[in-house]
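User: I would like to see how labels such as buried or edge-to-face follow from computed values. Please go through them with me.

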Amino acid sequence: MTEPIHETGHLSGSFPEPEEFRHAYAGFWIRFWSYLIDLIVLGSLSMLALRPLFRLAGLEIAPDAWYAPYNLLTAAIFFLYFILMTKYFGQTVGKMVTGIRVIRRDGGPLDWKTVLFREWIGRYFSKTLTVLYLVVGFTPKKEALHDYIADTLVIHEERYQKSALSRGYANRLQDGHAL
């Protein structure tokens, strides 16, 4: 005998309907192009704003020492750009253009601790050992070292893939277990 469908749309006693689709993970190349766009944005900011200010002030622009004012200010702008854009928008300009976004693995909102670990500490490690960026191409969820450190994922905003749960759910339906 068939059971009535309640207002939820599910048969009583059946398995709950899982999410059928989930966002696709962003791989190495889309993240590479996104980062390249961000570097163009930061370079433009440096050329159009920072360099003229230093020239007007009569300060040296290309000193050899890493601790020179221009180099320190450029590094600060670099890290602040990634930290603030990721915290407030979940994406940088490069990620906006390419349609990808940073999310927390547990689905919660990005908090300061998560963003600081990902964009400052994790990115420092990844920039120190550039080969660590290649990890993205070999992990199932396409995570870089800084994603592992901060428990984040980078996803496509408008690309989805069928989740493994929905395939299992469909198999249970075919086997007659859900009814």
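Analyst: Start with one definition: a residue is buried under 20% relative accessible area, exposed over 50%, and partly exposed in between. The model is a predicted one.

User: Why is Arg105 called partly exposed?

Analyst: Its relative accessible area is 34%. Partly exposed covers values between the 20% and 50% cut-offs, so Arg105 is partly exposed.

User: What makes Arg105 and Glu143 a salt bridge?

Analyst: The N to O distance between their side chains is 2.0 Å. The rule asks for a side-chain nitrogen of Lys or Arg within 4 Å of a carboxyl oxygen of Asp or Glu, so the pair of Glu143 and Arg105 counts as a salt bridge. Glu143 lies in the loop between helix 4 (112-128) and helix 5 (145-150), and Arg105 in the loop between strand 2 (100-104) and helix 4, so the salt bridge ties together parts that are 38 residues apart in sequence.

User: Is Glu143 buried or exposed?

Analyst: Glu143 has 4% relative accessibility. Buried means under 20%, so Glu143 is buried.

User: How do you know that Asp106 and Arg104 form a salt bridge?

Analyst: Their closest N and O atoms are 2.7 Å apart, and the limit is 4 Å. Asp106 is exposed, because its relative accessible area of 59% is over 50%. Arg104, at 18%, is buried, because the cut-off is 20%.

User: Which residues are linked in a network of salt bridges?

Analyst: The network links Arg31, Arg118, Glu119 and Asp147. Within it, Arg118 and Glu119 have their closest N and O atoms 2.5 Å apart, and both residues are buried. The structure holds 8 salt bridges.

User: How many aromatic pairs are there, and why is the pair of Phe28 and Trp29 called edge-to-face?

Analyst: The count is 10 aromatic pairs. The ring centres of Phe28 and Trp29 are 5.0 Å apart and their planes are at 80°. Centres must lie within 6.5 Å, and planes over 60 degrees apart count as edge-to-face, so the pair of Phe28 and Trp29 is edge-to-face. Phe78 and Phe79 also form an edge-to-face pair, at 5.3 Å and 90°. These two belong to one aromatic cluster with Tyr35, Tyr81 and Phe82.

User: Why is Thr92 called buried?

Analyst: Thr92 has a relative accessible area of 0%. The label needs a value under 20%, so Thr92 is buried. Leaving aside neighbours within four places in sequence, Thr92 is in contact with residues including Tyr81, Phe82 and Met85.

Methods:
Residues numbered from 1 in each chain as written. Predicted model: local features only at pLDDT ≥ 70, side-chain atom pairs only at ≥ 80, totals over all residues. Heavy atoms only, no water. Buried < 20%, exposed > 50% of the residue type's maximum accessible area, 1.4 Å probe, protein only. Contact = heavy atoms within 4.5 Å. Helix = DSSP H or I, 4+ residues; strand = E, 2+ residues; numbered from the N terminus. Phe/Tyr/Trp six-rings, centres within 6.5 Å; stacked < 30°, edge-to-face > 60°.
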